Structures are given as structure tokens and as C-alpha cells.
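Visitor: Can you walk me through this one? I'll jump around a bit.
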Amino acid sequence: MITVTEQYEAYPYPERDPEDEARRLIVGSPSDPREIDHFLFEGARDWSRPLRVLVAGGGTGDGLIQLAQQLADAGRGAEITYLDLSRAAREVAEARAAKRGLTSIRFETASLLDAPDFGAFDYIDCCGVLHHLPDPAAGFAALRAALAPGGGMGFMVYAPYGRSGVYPLQEAFGALFDGLPATERLERARVVMKDLPDGHPFRVNPNLVDHQQSDAGFYDLLLHGQDRAFSVTELLETLSAAGWRLQGFTVPGLYDVSRFATRPKGMTDAEAMAVAEQLSGVIKTHVGYAIPADEDRPMPEGKPWAQARKLVPHLKGAEAAALAARVASGGPISARFGGAEMVLDLPKAVAPLIALIDGRRSAGDIAKRAKVEPARAAVAWARIEAALCPWGMLLYSQYLG
């Protein structure tokens, strides 16, 4: 059996060309600075203090480069430590950082299980790694031990239902190609895939595309020798056992059972999210933020206007002017989130407020510029939050200053 380290030496993942850094920045979740502030620091972090970051299992560097570049662009200080067992992946990440002139990163070849040896961190990024460990719980615990007081973690782990068809193929390919070199395993698996029946669960799952994008993507998805998925229930239990608590998924609306049915009285939040995941069937990864289990840290949305007016809103995934124009038109606004199509409930009256969101003005400043008096602004802003926050489209942060 090829080890995880051997796999990523042969096929660093995701496949990236450092020369592409000149033309684009890959962005996503977790580790968008706006998300970090929103979920972990009530949207009001003091960004005059450098952010101490651990990127645990950084691979070829997508999350690393996104965070380092966005903080550099905003003139925010950062002390970033990158850890990964794969030297080949590290070389790609280092080359990408060098192309951008990013100097805030310390690169280390090591396991995330050794994370506490590298310091205490305000923010930990662990994206797509914990589900590849022999003991994921030990990984969660090691990261908790590396967290500084008041900090938190952004994570991504695989989810089972949106990855239907993957695990039977991984098991079959593991049995068929055990002991073969990585390149030959890949070649033979591609041949088998051509004759896969049309009704195979993998064939009919539209959520899976990695195998179409690169050799590294195919290998990581279908030939991985150490891969497990977490249901919502399993994820919450593992977080708790390691001293973490879920602060929120980046798209919490996907986990809202009321999208499908009336929530029974007495059903806990954890039970409701688990049922929503089962009813959805399209969630292939759980992406979210976690804080220490013994903390009860508030989220920034849902505050009274006297507090909300001081927060600085950002739009994610939409341009303010374009979204405001669609709202002002009065027609339905549909959007796709994680494979689900949703209609956003935004009345025409909030369009002038949305148009002024620029990541620098506070909600109160926006209301003043739009000439909306406080009582009406409070109601309008609550409508904006209710429509956009569940889909990760409205975030609060002062990181732009």
C-alpha cells in the first residue's frame, strides 16, 4: 500500500503551476480574512496586531497563498507557519509564494501532529487533511493544543452523502492495484473507469469533478489509501472529544432543516443539522470554523441595531452594485450554494443599503448615506442579514481598515 506521504510526493495536491500566480488568485473557504474575523472574532478583530497563523497540512498552498496575499494587500501583518509532510507539495507552495513576493511565511516539513512544537497560533487553517489521518481525533487534538487563547480554527473535512460512489471505488481500486507504483495504479484505474456502468452511484453523482481536472485530482479522489468522511454527527462528536466546538459552517443555510420540513419540537441543533445533511444529499465537504469547547463566543449577526451599526459588512460572492440592481428590480434572486438552488428573500427597500456595502463603511455609515432613519435601518438591516448570512454572502470584518 502506498503511504499518504508517498502519494503526495508523486502527485502533489491540488495540482498547481506557480507560473499561474501572475494571472489569478485562487480564493475560497476557509481562510478568507473576512470569514476569519466574522466567525472567530465577532467581526471586530484588532488588525493592528499581526495574525499568527498555522496552515496545517498546507499541500500546494491554496489556502496559504489566499490568506497571505489578502492580508498583504490590506497592509495587515501576519506570521504564518506552513506544515506539510510532502516535500514535493511544499516546493510548489514555496514557489507560488516566491512568485508573489510573500515574505510572511515560514515553511516546515512536518506532520500536523507536531503542530504544538511550532508555537501558539491565533488562527489555524486545516483544509482537507484531517480525514486522511490514521487517527483524525488525534489530529484535532494536536491542533487544539497549538491554539493560542482567544483563537480558532478554519477546517474542511469530507462529508459522506455528497461523495456517494467514491468509497466503493476506492476499496475496489485498492484491492485491484495493491502493491503497484502510483503511476501504474492511476493508469489502470482510468481504464476501469471507462467501463463503469451508467447506473453506478459515482456516475450519477454530479458533485464530483476532481477526477476530471488533473492526475493529482483523480488520484486524490479515487485512489487514496487513507480517506474517511464525517457526517455532521460524527464531526461534532470528534470536535467535542478534542476540545473544540463548532462555531459555524461557512454556509449554515445548507444545514437548515426548515428548508425541507417543519422542525419537530425538542429537536436539538445538532440533530437538525444532521437531518438536513441527510435530506440534502449534496454536501460533499463540511467547511466551517471552530473555537475552544469551553468558550461561548458570540457571532456578529443578529445584534441590536445599536451594536450592528458599528460593524463593517462585506459581500462575498456578489458585487454590491449588481446585487442591489437585482434587488431593486423586484424579481426573484436565485443562487446556487453547494449544489442547492435557493431564492433570496430581499425586498426592494434594502437595495440602496446593499449598494453601499464596500467593506470599509460601517452599517451605520451606510444607513446615513442612504438617508435611512435608524428605526427603518434596523428593520432593513435585519432583513439583509436574514437573507444573506445563512449563505455566507454577508460577513463582518474590519480587516480593510
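Guide: Sure, let's begin just past helix 2: glutamate 42 follows it and has a positive phi, near 60°. Helices here are DSSP runs of H or I with at least four residues, strands are E runs of at least two, and both are numbered from the N terminus.

Visitor: Before we go on, what kind of model is this?
Guide: This is a predicted model, where local features need pLDDT of at least 70 and side-chain atom pairs count only at pLDDT 80 or more, while totals for chains, interfaces and linings use all residues. Residues are numbered from 1 along each chain as its sequence is written, and side-chain values use heavy atoms, with hydrogens and water left out.

Visitor: Back to helix 2, how many of its residues are buried?
Guide: 8 of the 8 in residues 33–40, so the helix is largely enclosed by the rest of the structure. Among them are Arg34, Glu35, Asp37 and His38. Buried means under 20% relative accessible area, exposed is over 50%, and partly exposed is in between (1.4 Å probe, protein chains only).

Visitor: Okay, new topic. Which residues have the most contacts inside the largest nonpolar core?
Guide: Phe140, Leu143, Met153, Leu346 and Leu388, in a core of 71 residues. Helix 16 (residues 374–388) gives the most to this core, with 6 residues. A nonpolar core is a set of buried Ala, Val, Leu, Ile, Met, Phe, Trp, Tyr and Cys residues joined through side-chain atoms within 4.5 Å.

Visitor: What does leucine 346 touch?
Guide: Skipping residues up to four places away in sequence, its contacts include Val327, Ile333, Arg383 and Leu388. Contact means heavy atoms within 4.5 Å.

Visitor: How many disulfides are there?
Guide: 0, with a disulfide being a pair of cysteine sulfur atoms within 2.5 Å. For cysteine 126, the closest cysteine sulfur is in cysteine 127 at 8.0 Å, which is too far for a bond.

Visitor: And is cysteine 126 buried or exposed?
Guide: Buried, at 0% relative accessible area. Cysteine 127 is partly exposed, at 30%.

Visitor: Last one: how do strand 9 and strand 10 pair?
Guide: They run antiparallel, over 5 bridges; pairing takes at least two DSSP bridges between the strands. The two form a hairpin with 2 residues between them, and glycine 338 in the turn has a positive phi of about 55°. One bridge joins arginine 336 to glutamate 341 in strand 10.

Visitor: Which way do the strand 10 side chains point?
Guide: They alternate: Ala340, Met342 and Leu344 are buried on one face, while Glu341 and Val343 point to the other and are not buried.
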